[in-house]
Amino acid sequence: MSQCCDGTRNNRLPVLIQTVNSYSKEASLTAHQLKLLSLDSFCDIHISIDEDCKEFSAPSGINLIERGSGECWSSDLDVSLAALNSEYVLFWLDDFVPTAIDKQRLQSIWQWFRSVKGDYIRLNPTPKGGGALIHDGVRIIDTGESYRASTILAIWNVAFLRSILVSGESAWQFEFLGSVRSDISDGFYACETNVVEYVNLVVKGQIVPSEERKLNELGVYTGMLDRHRMSIRQNLKFNLTRLRSMIFGLIPSKLRRRLRLNFATDLKLESL
């Protein structure tokens with residue numbers, strides 16, 4: 001397993017892209033785009049891979065963490081965080097390909113977040129925080145809010161994140177149940193507007209053609225990605241699902257959490 005220095009000690013923010021063999025090409029593309037957007041000017045970018053990624057070669061300037069055999073999302077993440085050896089981390093999904101980053105704002109938010117010793121800050125309002133405005137363009141995420149511990153584009157206090165991970169949980173389960181466990185902290189925040197613009201390239205294991213076109217129009221090459229593209233019918237179903245999620249998002253956040261916990265399936269409620 002590779003060992004990584006604590007980037008936060010020299011004022012650099014570690015970025016962690018955790019991936020598996022089947023998504024390693026997307027992870028490499030995402031890391032490459034982060035470098036093209038000059039995020040490495042104040043961040044150290046890391047890709048964490050499992051032992052199945054035998055042919056994986058990290059892009060130039062990208063740090064590699066080798067986890068060994070994969071067990072589950074939560075256990076793998078804990079191993080990655082231990083290897084990272086950092087106080088804070090920006091968690092980045094492997095198939096969220098960035099197209100623009102407001103680096104000046106990100107640096108400002110990062111410095112403020114460290115100064116208040118926060119546990120979590122979401123860079124995009126997905127969803128927005130429902131609490132008071134506490135900083136320029138930043139709101140508190142109140143306890144009880146839905147997706148409080150969403151892993152999408154968020155900076156975490158590593159010690160706190162590790163304290164609420166439960167072995168055996170998937171990322172999907174963590175966003176439900178980790179949100180409940182996160183209520184022990186009042187240091188959760190969310191930005192009111194996007195700090196990052198990105199393309200969610202892969203959904204349910206397939207490339208979304210409309211998202212791929214956005215990247216191609218920006219000059220981002222995706223020809224190395226050898227996975228299926230969604231059919232017109234599948235794409236329509238995906239868009240309807242996204243519309244349903246937008247409608248569900250109109251429900252007050254705390255009520256959304258209660259509804260999800262009561263009606264969602266495959267949740268390990270014993271881990272609460």
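This report describes the overall make-up, one helix, one strand, the salt bridges and the aromatic pairs of a predicted model.

## Overall make-up

The protein has 272 residues, of which 51% count as buried. Its secondary structure consists of eight helices and 13 strands. Of the contacts between residues at least 6 apart in sequence, 74% join residues at least 24 apart. The exposed area is about 13,000 Å², and carbon and sulfur atoms supply 52% of that area.

## Helix α2

Helix α2 covers residues 73–84. Its twelve residues should span 16 Å at 1.5 Å a residue, and the C-alpha atoms at its ends are 16 Å apart, so the expected and computed spans agree. The helix is mostly covered, with nine of the twelve residues buried. Among them are Trp 73, Asp 76, Leu 77, Leu 81 and Leu 84. The buried set also includes Ser 74, Ser 75, Ser 80 and Ala 83.

The elements that cover these buried residues include the strands β1 (13–18), β2 (43–49), β3 (63–66) and β4 (88–93). Helices α4 (158–164) and α5 (171–181) also belong to that cover. Just after α2, Asn 85 has a positive phi of about 55°.

## Strand β4 and its partners

Strand β4, which is part of the cover of α2, is itself mostly covered: five of its six residues are buried. Strands β1 and β4 run parallel and are joined by four bridges. Within β4, Trp 92 stands opposite Ile 17. Strand β9 (residues 154–157) pairs with β4 in the antiparallel sense, again over four bridges. Here Val 89 has Trp 156 of β9 as its bridge partner.

Ile 17 and Trp 92 appear again in the surroundings of Thr 30, a residue of helix α1. Thr 30 has 0% relative accessibility and therefore counts as buried. Leaving aside neighbours within four places in sequence, Thr 30 also contacts Leu 93, Asp 94, Asp 95, Phe 96, Val 97 and Pro 98.

## Salt bridges

The structure holds twelve salt bridges. The table gives three of these pairs with their N to O distances.

| Acidic residue | Basic residue | N to O distance |
|---|---|---|
| Asp 44 | Arg 12 | 2.9 Å |
| Asp 226 | Lys 25 | 3.0 Å |
| Glu 192 | Arg 139 | 2.7 Å |

Asp 44 and Arg 12 form a salt bridge. Asp 44 is in strand β2 and Arg 12 in the segment before β1, so this pair ties together parts 32 residues apart in sequence. With a relative accessibility of 18%, Asp 44 counts as buried.

The side chains of Asp 226 and Lys 25 also meet in a salt bridge. Asp 226 is in the loop between α6 (209–217) and α7 (232–248), while Lys 25 is in helix α1 (residues 24–36), so the parts tied together are 201 residues apart in sequence. Asp 226 counts as exposed at 64% relative accessibility, and Lys 25 is partly exposed at 37%.

A further salt bridge joins Arg 139 and Glu 192. Arg 139 belongs to strand β8 (residues 138–140) and Glu 192 to the loop between β10 (188–191) and β11 (196–200), so the pair ties together parts 53 residues apart in sequence. Both residues are partly exposed: Arg 139 has a relative accessible area of 27%, and Glu 192 has one of 28%. Elsewhere, Asp 50, Arg 67 and Asp 76 are joined into one network by salt bridges that share partners. Asp 76 is one of the buried residues of α2.

## Aromatic pairs

A search of the whole structure gives 14 aromatic pairs. Trp 73 and Phe 174 form a tilted pair, 5.5 Å centre to centre with 45° between the planes. This pair links helix α2, which holds Trp 73, to helix α5, which holds Phe 174, across 101 residues. Trp 73 has 19% relative accessibility and counts as buried, because the limit is under 20%. Phe 174 is also buried, at 1%.

Phe 174 forms another tilted pair with Trp 156, at 6.2 Å centre to centre and 50° between the planes. In this case strand β9, with Trp 156, is linked to helix α5, with Phe 174, across 18 residues. Trp 156 and Phe 174 are both buried. Ring pairs join Trp 73, Trp 156 and Phe 174 with Phe 91, Tyr 120, Phe 160 and Phe 188 into a cluster.

Key
Residues numbered from 1 in each chain as written. Predicted model: local features only at pLDDT ≥ 70, side-chain atom pairs only at ≥ 80, totals over all residues. Heavy atoms only, no water. Helix = DSSP H or I, 4+ residues; strand = E, 2+ residues; numbered from the N terminus. Expected span 1.5 Å × (residues − 1). Buried < 20%, exposed > 50% of the residue type's maximum accessible area, 1.4 Å probe, protein only. Contact = heavy atoms within 4.5 Å. Pairing = 2+ DSSP bridges. Areas by Shrake-Rupley, 256 points an atom, 1.4 Å probe, with all protein chains shown as cover. Salt bridge = Lys/Arg side-chain N within 4 Å of Asp/Glu carboxyl O. Phe/Tyr/Trp six-rings, centres within 6.5 Å; stacked < 30°, edge-to-face > 60°.
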